[in-house]
Amino acid sequence: MTVISIANAKGGAGKTTVALLLAMEFAQKGEKVVLFDCDPLAFAAKWHRLPGAVDAIYVVTGITFANLGGNLRAQQDQATHIIIDLSGARDALIALAAGLSDLVLIPVQGCAMDAQGAAHVLDLIGQVESNARSHINHAVVLTRVSSFVTTRALRSVKALLASRNIALLDTPIIERSAYRDMFEHGGTLYTIDEARVSNLAKAQRNMQSLALEVQRLVAAPAHPQSSGPFARMCQRAPADVPLSQKAFEHPLTPRPAQAFQLDTVHADR
Ligand SMILES: Nc1ncnc2c1ncn2[C@@H]1O[C@H](COP(=O)(O)OP(=O)(O)OP(=O)(O)O)[C@@H](O)[C@H]1O
Ligand SMILES: [Mg+2]
């Protein structure tokens with residue numbers, strides 16, 4: 001079982017879209033996915049209630065700092081993947097989820113406001129890493145990228161991020177009407193009415209490539225139940241100790257987000 005968190009402190013960065021698309025892609029491969037919807041407005045849960053819901057995806061709402069650990073424990077035997085769709089500006093929950101995840105994906109659109117939200121998450125991850133003295137596997141994924149952006153422009157963004165020790169997924173999420181359509185009408189990229197959206201096959205290929213890359217990043221270890229941050233935490237903490245108490249031996253001290261610009265992604269548009 002793997003735990004994947006999707007985080008960006010900025011609202012509207014594309015977190016729920018990435019979370020749902022990944023969930024659909026894993027479900028399409030026959031894997032069981034539990035989606036933790038941390039947004040009080042519960043958009044993922046609303047999508048799940050629309051026609052065309054997928055049995056292999058189960059959505060849990062009402063996730064809080066206090067109950068995240070318990071919910072992970074409750075779902076760990078049911079799910080191949082637990083995807084945590086974090087809402088913006090809830091630092092303690094973001095930090096706790098990051099500390100329990102096999103991978104934190106940070107969706108970033110090529111605008112400065114979004115990049116500040118990403119920088120805030122990167123800063124939180126840095127603090128959890130230093131408090132827990134362990135590495136958190138994390139990477140930025142570019143979202144709503146124009147299909148005209150060149151490989152060269154993306155390479156230069158990757159180099160820029162690498163110079164700050166930040167990994168960037170090779171697969172950007174392209175701006176596609178199919179990704180908006182499923183929110184409004186329900187269903188998945190594989191059940192959408194082809195007549196309603198353009199470039200559906202390209203949208204599917206984009207997601208297949210994203211899911212492959214994500215799966216490589218969280219590649220199943222030899223003993224899935226005995227490794228990964230969440231599983232290690234379970235081994236250390238007796239079942240009746242809230243994981244939130246084990247996660248933070250030191251309280252988080254807020255630090256200003258570092259400057260972080262992705263202007264170069266627009267370079268070749
Ligand atoms: N790749 C994309 N192509 C087309 N539309 C997109 C794409 N990514 C996101 N959107 C649209 O952008 C809007 C915001 O996306 P989304 O709800 O995923 O952001 P969010 O980060 O989850 O927001 P919040 O912080 O409010 O939870 C939605 O209308 C969504 O349909
Ligand atoms: Mg959302």
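**Figure 1. Strand β1, enclosed by its surroundings.** In strand β1 (residues 2–6), five of the five residues are buried, so the strand is largely enclosed by the rest of the structure. Keep in mind as you look that this is a predicted model. Try looking at the two faces of β1 in turn: Thr2, Ile4 and Ile6 lie on one side, Val3 and Ser5 lie on the other, and all of them are buried.

**Figure 2. The strands that pair with β1.** How many bridges join β1 to β4? There are five, and the two strands run parallel. To find your way along this pairing, start at Ile4 of β1, whose bridge partner in β4 is Ile83. Strand β5 (residues 103–108) also pairs with β1 in the parallel sense, here over three bridges. A good landmark for this second pairing is Ile6, which has Leu105 as its bridge partner in β5.

**Figure 3. Ile83 and the largest nonpolar core.** The largest nonpolar core of the model has 78 residues. Those that touch the most other members are Leu22, Ala23, Leu35, Ile83, Ala98 and Ile106. Helix α1 gives this core its largest share, nine residues. Now focus on Ile83: which residues is Ile83 in contact with, leaving aside neighbours within four places in sequence? They are Ile4, Ile6, Ala19, Leu22, Ala23, Val33 and Leu35. You have already met one of them, Ile4, as the bridge partner of Ile83.

**Figure 4. Helix α4, mostly covered.** Helix α4 spans residues 91–99, and seven of its nine residues are buried. You can pick out the buried ones as Leu93, Ile94, Ala95, Leu96, Ala97, Ala98 and Gly99. Among them, Ala98 is also one of the residues that touch the most other members of the largest nonpolar core.

**Figure 5. The shell around ligand 1.** Ligand 1 has 19 residues around it, and Gly11, Gly14, Lys15, Thr16 and Thr17 come nearest. Two elements, α1 and α7 (177–185), give two or more residues to this shell. What is the shell made of, in terms of nonpolar, polar and charged residues? It divides into five nonpolar, eight polar and six charged residues.

**Figure 6. Phe183 and Thr17, apart in sequence.** Phe183 sits in helix α7. Is Phe183 partly exposed or buried? Phe183 counts as partly exposed because it has 15 C-beta neighbours inside 10 Å. Phe183 and Thr17 are 166 residues apart in sequence, yet 8.3 Å apart in space, C-alpha to C-alpha. Thr17 is one of the residues that come nearest to ligand 1.

**Figure 7. Lys29, an exposed loop residue.** Look for Lys29 in the loop between α1 (15–28) and β2 (33–37). Lys29 has 12 C-beta neighbours inside 10 Å, so it counts as exposed. From Lys29 to Ala56 there are 27 residues in sequence, and the C-alpha to C-alpha distance is 9.9 Å.

**Figure 8. Where the prediction is confident and where it is not.** The protein chain averages a pLDDT of 83, and 81% of its residues score at least 70. Confidence is highest in strand β4 (residues 81–85), at a mean of 98, and lowest in helix α10 (residues 243–247), at 41. The pLDDT is also below 50 over residues 222–226, a stretch with three contacts in the model beyond near neighbours in sequence. Over residues 240–269 the pLDDT stays under 50, and there the model has 59 contacts beyond four places in sequence.

Key. Residues are numbered from 1 along each chain as its sequence is written. Chains are lettered from A and ligands numbered from 1 in the order in which they are written. This is a predicted model: local features need pLDDT of at least 70, side-chain atom pairs count only at pLDDT 80 or more; totals for chains, interfaces and linings use all residues. pLDDT is the predictor's confidence in each residue, from 0 to 100. Helices (H or I, at least four residues) and strands (E, at least two) are DSSP runs, numbered from the N terminus. Two residues are in contact if their C-beta atoms, placed from the backbone, lie within 7 Å. A residue is buried if 20 or more other C-beta atoms lie within 10 Å of its own, exposed if 12 or fewer, and partly exposed in between; C-beta atoms are placed from the backbone. A residue is near a molecule or strand if its C-beta atom, placed from the backbone, lies within 6 Å of it. Ala, Val, Leu, Ile, Met, Phe, Trp, Tyr, Cys and Pro count as nonpolar, Asp, Glu, Lys and Arg as charged, and the others, Gly among them, as polar. A nonpolar core is a set of buried Ala, Val, Leu, Ile, Met, Phe, Trp, Tyr and Cys residues joined through C-beta atoms within 7 Å. Two strands pair if DSSP finds at least two bridges between them.
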